[in-house]
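Open the structure in your viewer and keep the selection tool at hand. The tour goes from one selection to the next and says what is there.

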Amino acid sequence: MLNKKGTVGLISAAAAVVGVLTAAAPAGAAGSTQATTAQGKHCVVVVDKAPSDGGVSPELYRNCADTAAKARALLTSPQAKAQTNGKAVQATELMTWYSNDQLWGNSTVVYGSAGTCDSVGYRLSPDLYWQTNISSATGHGRCTVATFFSRPLSYSRTFRLPALNLGSILNDYVGIIDVRWG
């Protein structure tokens, strides 16, 4: 049982965690009412090219639904068109993340607004759900290689896509994904 002092400490710690998670939300997601993967099971995300300084590809749009087909249909919605200045409709499939190995379970399809992968590709920053749930992934088009970095960025492994299993270190523990042609 917690005393009053312990309760205040626990509440303060919880508030600090909420503040950190809120601050870590991707650009464009602040104040968003869009569903997370945990709520919708299947999502679509549209990203732009990463800045040349090594930063991550900015997220332009995200939405989720109960089926993958419904999630893909959201790319043509007025909301998607407005948030991306029409880029969502023309975006190219880059890769799909899955919550289980062997390419099944909850999924997010990542689209690139600047076309398919080249030798530089895209630098993706999965949301909190995917950082703790990604187990396998596949590439689309020219997106044939991906380097997955652990959450603290202390370990990485490069896969030729599809990656049916990320292995014991990266499974449910991904911080950054560099996807490219190679």
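A residue counts as buried when its relative accessible area is under 20%. The model toured here is predicted.

Start with Trp 130, whose relative accessible area is 0%, so Trp 130 is buried. Add Tyr 129, which at 17% also falls under the cut-off and therefore counts as buried. The rings of Tyr 129 and Trp 130 form an edge-to-face pair, with 5.1 Å between the centres and 90 degrees between the planes. Extend the selection to Trp 97: together with Tyr 129 and Trp 130, Trp 97 makes up one aromatic cluster. The count of aromatic pairs in the structure is 3.

Next, select Phe 148 and Phe 159. These two rings are also an edge-to-face pair, at 5.6 Å centre to centre and 85 degrees between the planes. Phe 148 belongs to strand β7 (residues 145-150) and Phe 159 to strand β8 (residues 156-160), 11 residues apart. Both Phe 148 and Phe 159 are buried.

Two further rings have a charged group over them. Select Lys 49 and Tyr 122: Lys 49 lies over the face of Tyr 122, 4.6 Å from the ring centre. Then select Arg 142 and Trp 181, where the charged end of Arg 142 sits over the ring at 4.2 Å from its centre.

Now show the strands as a cartoon. An open sheet is formed by 5 strands in the order β2-β1-β4-β3-β6, with mixed pairing. Strands β2 (59-65) and β6 (136-139) are at the edges with a single partner strand each, so one side of each has no neighbour in the sheet. From one strand to the next, the twist averages 15 degrees. Within the sheet, select β3 (residues 92-100) and β4 (residues 104-112), which pair in the antiparallel sense over 7 bridges. Tyr 98 is found opposite Ser 107 in β4.

Finish with the cysteines, which form 2 disulfides. Cys 43 is joined to Cys 64, with an S to S distance of 1.9 Å. Cys 43 is in strand β1 (residues 42-47) and Cys 64 in strand β2, so this disulfide ties together parts 21 residues apart in sequence. The other disulfide joins Cys 117 to Cys 143, S to S 2.0 Å. Cys 117 is in the loop between β4 and β5 (122-124), and Cys 143 in the loop between β6 and β7, 26 residues apart. Cys 117 is buried at 1% relative accessible area, and Cys 143 is buried at 2%.

How values were computed:
Residues numbered from 1 in each chain as written. Predicted model: local features only at pLDDT ≥ 70, side-chain atom pairs only at ≥ 80, totals over all residues. Heavy atoms only, no water. Pairing = 2+ DSSP bridges. Helix = DSSP H or I, 4+ residues; strand = E, 2+ residues; numbered from the N terminus. Axes fitted to C-alpha atoms, helices over the stretch in contact; angles between N-to-C directions. Phe/Tyr/Trp six-rings, centres within 6.5 Å; stacked < 30°, edge-to-face > 60°. Buried < 20%, exposed > 50% of the residue type's maximum accessible area, 1.4 Å probe, protein only. Lys NZ or Arg CZ within 6 Å of the ring centre and 35° of its normal. Disulfide = S-S within 2.5 Å.
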